[in-house]
Amino acid sequence: MTDDNGDYVINPILTVQLSSVAKNIEYLSIQFAGGIDTSYPKTFKIRTYNNSNELIKEHITDIATQTGLPLMVVPIGDTNVWKVEFEFVGT
């Protein structure tokens with residue numbers, strides 16, 4: 001899925017559609033498969049959307065700054081979230 005440098009031709013995006021609007025999301029925690037450090041993306045983007053499918057905010061995390069892997073906790077602080085996208089950038 002990646003080139004020789006570990007970059008994606010098209011970044012994989014996972015979309016989570018919530019069953020109802022979350023009034024407040026303080027943090028999101030993501031558990032990566034442990035054991036192989038090279039399996040982590042270089043950058044991890046989380047985008048939140050409201051129920052009109054408008055972007056609330058894009059949160060960008062540089063994996064190199066994370067110390068608790070394979071568990072990553074990202075401060076979000078968004079309100080009225082209806083959909084969340086997770087984008088993997090490089091490996």
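**Group meeting talk: a four-stranded sheet**

The protein chain I would like to walk through has 0 helices and 4 strands, where helices (H or I, at least four residues) and strands (E, at least two) are DSSP runs numbered from the N terminus. Before going further I should say that this is a predicted model, in which local features need pLDDT of at least 70 and side-chain atom pairs count only at pLDDT 80 or more, while totals for chains, interfaces and linings use all residues. Residues are numbered from 1 along each chain as its sequence is written, and side-chain values use heavy atoms, with hydrogens and water left out.

Let me begin with the chain as a whole. From the N terminus on, its elements run β-β-β-β, and along its principal axes the C-alpha trace spans about 40 × 30 × 20 Å. Of the 91 residues, 32% count as buried, and here buried means under 20% relative accessible area, exposed means over 50%, and partly exposed lies in between, with a 1.4 Å probe and protein chains only. The accessible surface comes to about 5700 Å², of which 52% belongs to carbon and sulfur atoms; such areas come from the Shrake-Rupley method with a 1.4 Å probe, and for residues only the protein chains shown count as cover. If we take contacts between residues at least 6 apart in sequence, 71% of them join residues at least 24 apart, a contact being heavy atoms within 4.5 Å.

Now to the sheet itself: in what order do the 4 strands stand? They form an open sheet in the order β1-β4-β2-β3, and the pairing is antiparallel, with two strands said to pair if DSSP finds at least two bridges between them. Because β1 and β3 stand at the edges with a single partner strand each, one side of each is left without a neighbour in the sheet. From one strand to the next the twist averages 10°, an angle taken between axes that are lines fitted to C-alpha atoms, for helices over the stretch in contact, and running from 0 to 180 degrees between N-to-C directions.

Going through the pairs, I start with β1 and β4, which run antiparallel and are joined by 13 bridges; I25 stands opposite D78 in β4. In strand β1, which covers residues 13-31, we also find E26, whose C-alpha atom is separated by 5.1 Å from that of I76, although the two are 50 residues apart along the chain. Leaving aside neighbours within four places in sequence, E26 is in contact with V74, P75, I76 and G77, and at 45% relative accessibility E26 counts as partly exposed.

Next comes β2, residues 43-49, where 5 of the 7 residues are buried, so this strand is largely enclosed by the rest of the structure. Strand β4, residues 71-89, runs antiparallel to β2 and is joined to it by 7 bridges, and within β4 the bridge partner of I46 is F86. β2 also pairs in the antiparallel sense with β3, residues 55-62, over 7 bridges, and there F44 has T61 as its bridge partner. T61 is buried, at 9% relative accessibility, and its contacts, again without neighbours within four places in sequence, are K42, T43, F44, Q66, M72 and V74.

A few backbone details deserve care when you look at the model. β2 and β3 form a hairpin with 5 residues between them, and N53 in the turn has a positive phi of about 65°, although N53 is not a glycine; its relative accessible area of 42% makes N53 partly exposed. A positive phi, near 55°, is also found at N80, another residue other than glycine, but N80 lies in strand β4 and is partly exposed at 41% relative accessibility. In the loop between β3 and β4 we come to P70, and the peptide bond from L69 to P70 is cis, with omega near 20°.

Finally, which residues make the nonpolar surface patch of about 290 Å²? They are Y27, L71 and V73, and of these L71 lies in strand β4 and is partly exposed at 38% relative accessibility. Patches are made of residues with over 30% relative accessible area and no salt bridge, like charges being joined within 9 Å and nonpolar side chains (Val, Leu, Ile, Met, Phe, Trp, Tyr) within 5 Å, and a salt bridge is a side-chain nitrogen of Lys or Arg within 4 Å of a carboxyl oxygen of Asp or Glu.
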